[in-house]
Amino acid sequence: MGRSMGHRAVPDGYEDPRVTELRAAVSRLRRELAAHPGEFPDRAIAEDELAALAAMAATGAPEPRRLRRSLLLVAGSIGSVSALGPALAEVREAVEAFRGTWG
């Protein structure tokens with residue numbers, strides 16, 4: 001099987017540790033948001049973007065620029081909900097692990 005220039009073959013079953021971290025952080029924030037009793041105006045935006053982040057993580061090769069955009073939308077949507085702050089910080093750290101590939 002041919003490979004495109006710049007792409008390396010990876011062993012079957014290998015997952016980038018950054019993707020694993022992203023998947024776990026997004027999952028935690030989604031659970032905490034779902035359990036949060038309060039309503040706020042941009043909750044649907046946060047839920048949609050967290051779903052997009054989860055989908056990107058599921059592919060195993062998320063697009064760094066899209067990660068960054070989704071993070072900004074999630075942070076803007078739930079940034080004022082202090083109860084979600086620690087979980088949001090984990091998502092931010094997981095997205096920032098891709099920083100060197102933002103281009």
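## Salt bridges

A search of the whole structure, which is a predicted model, turns up nine salt bridges. A good place to start is Arg28, which is linked with Glu32 and Glu90 in a network of salt bridges. In one arm of that network, Glu32 pairs with Arg28, and their closest N and O atoms sit 2.7 Å apart. Both of these residues belong to helix α1, four residues apart, or about one turn of the helix. The other arm joins the side chains of Arg28 and Glu90, at 2.2 Å from N to O. This pair ties together distant parts of the chain, with Arg28 in helix α1 and Glu90 in helix α4, 62 residues apart.

How exposed are the members of this network? Glu32 is partly exposed, with a relative accessible area of 25%. Arg28 is partly exposed too, at 23%, and Glu90 counts as partly exposed at 31%.

A separate pair to look at is Arg66 and Glu49, whose side chains meet in a salt bridge of 3.1 Å, N to O. Here the link runs between helix α3, home of Arg66, and helix α2, home of Glu49, across 17 residues of chain. Arg66 has 27% relative accessibility and counts as partly exposed. Glu49 has 11%, and because buried means under 20%, Glu49 counts as buried.

## Helix α3 and its two sides

Helix α3 covers residues 64-78. Its geometry checks out: at 1.5 Å a residue, the 15 residues should span 21 Å, and the end C-alpha atoms are indeed 21 Å apart.

Which residues of α3 are buried? They are Pro64, Leu67, Ser70, Leu71, Val74, Ser77 and Ile78. These residues cover an arc of only 145° around the axis, so they end up on the same side of α3. On the other side of the helix, Arg65, Leu72 and Gly76 are exposed. As for what the buried side faces, its residues pack against α1 (17-35), α2 (43-59) and α4 (85-96).

## Val74 and Ser77 up close

Val74 sits in helix α3 and is buried, with a relative accessible area of 0%. Leaving out residues up to four places away in sequence, Val74 touches Leu29, Ala46, Glu49, Leu50, Leu53, Gly79 and Leu88. So Glu49, the buried acid of the α2–α3 salt bridge, turns up again here as a contact of Val74. Val74 and Asp48 lie 26 residues apart in sequence, with 8.8 Å between their C-alpha atoms.

Ser77 is in the same helix, α3, and is buried with a relative accessible area of 8%. Beyond residues up to four places away in sequence, Ser77 touches Phe40, Asp42, Ile45 and Ala46. Ala46 is also on the contact list of Val74.

## The nonpolar core

In soluble globular proteins, nonpolar side chains tend to be buried together. In this model, the largest nonpolar core has 24 residues, and Leu22, Leu29, Leu53, Ile78 and Val91 touch the most other members. Helices α1, α2, α3 and α4 each supply at least two residues of this core. The largest share, six residues, comes from α1.

Two of those well-connected members are worth a closer look. Val91 lies in helix α4 and is buried, with a relative accessible area of 0%. Setting aside residues up to four places away in sequence, Val91 touches Ala25, Val26, Leu29, Leu53 and Leu71. Its C-alpha atom is separated by 9.5 Å from that of Val74, which is 17 residues away along the chain. With the same sequence neighbours left out, Leu53 touches Val26, Leu67, Ser70, Val74 and Val91.

## How far to trust the model

The mean pLDDT of the protein is 86, and 85% of its residues reach 70 or more. Residues 1-10 are another matter: over this stretch the pLDDT is below 50, and beyond near neighbours in sequence the stretch has two contacts in the model. Where pLDDT is low, the predicted coordinates should not be read in detail.

Terms used:
Residues numbered from 1 in each chain as written. Predicted model: local features only at pLDDT ≥ 70, side-chain atom pairs only at ≥ 80, totals over all residues. Heavy atoms only, no water. Buried < 20%, exposed > 50% of the residue type's maximum accessible area, 1.4 Å probe, protein only. Contact = heavy atoms within 4.5 Å. pLDDT = per-residue confidence, 0-100. Expected span 1.5 Å × (residues − 1). Arc of directions from axis to C-beta. Core = buried A, V, L, I, M, F, W, Y, C linked by side-chain atoms within 4.5 Å. Salt bridge = Lys/Arg side-chain N within 4 Å of Asp/Glu carboxyl O.
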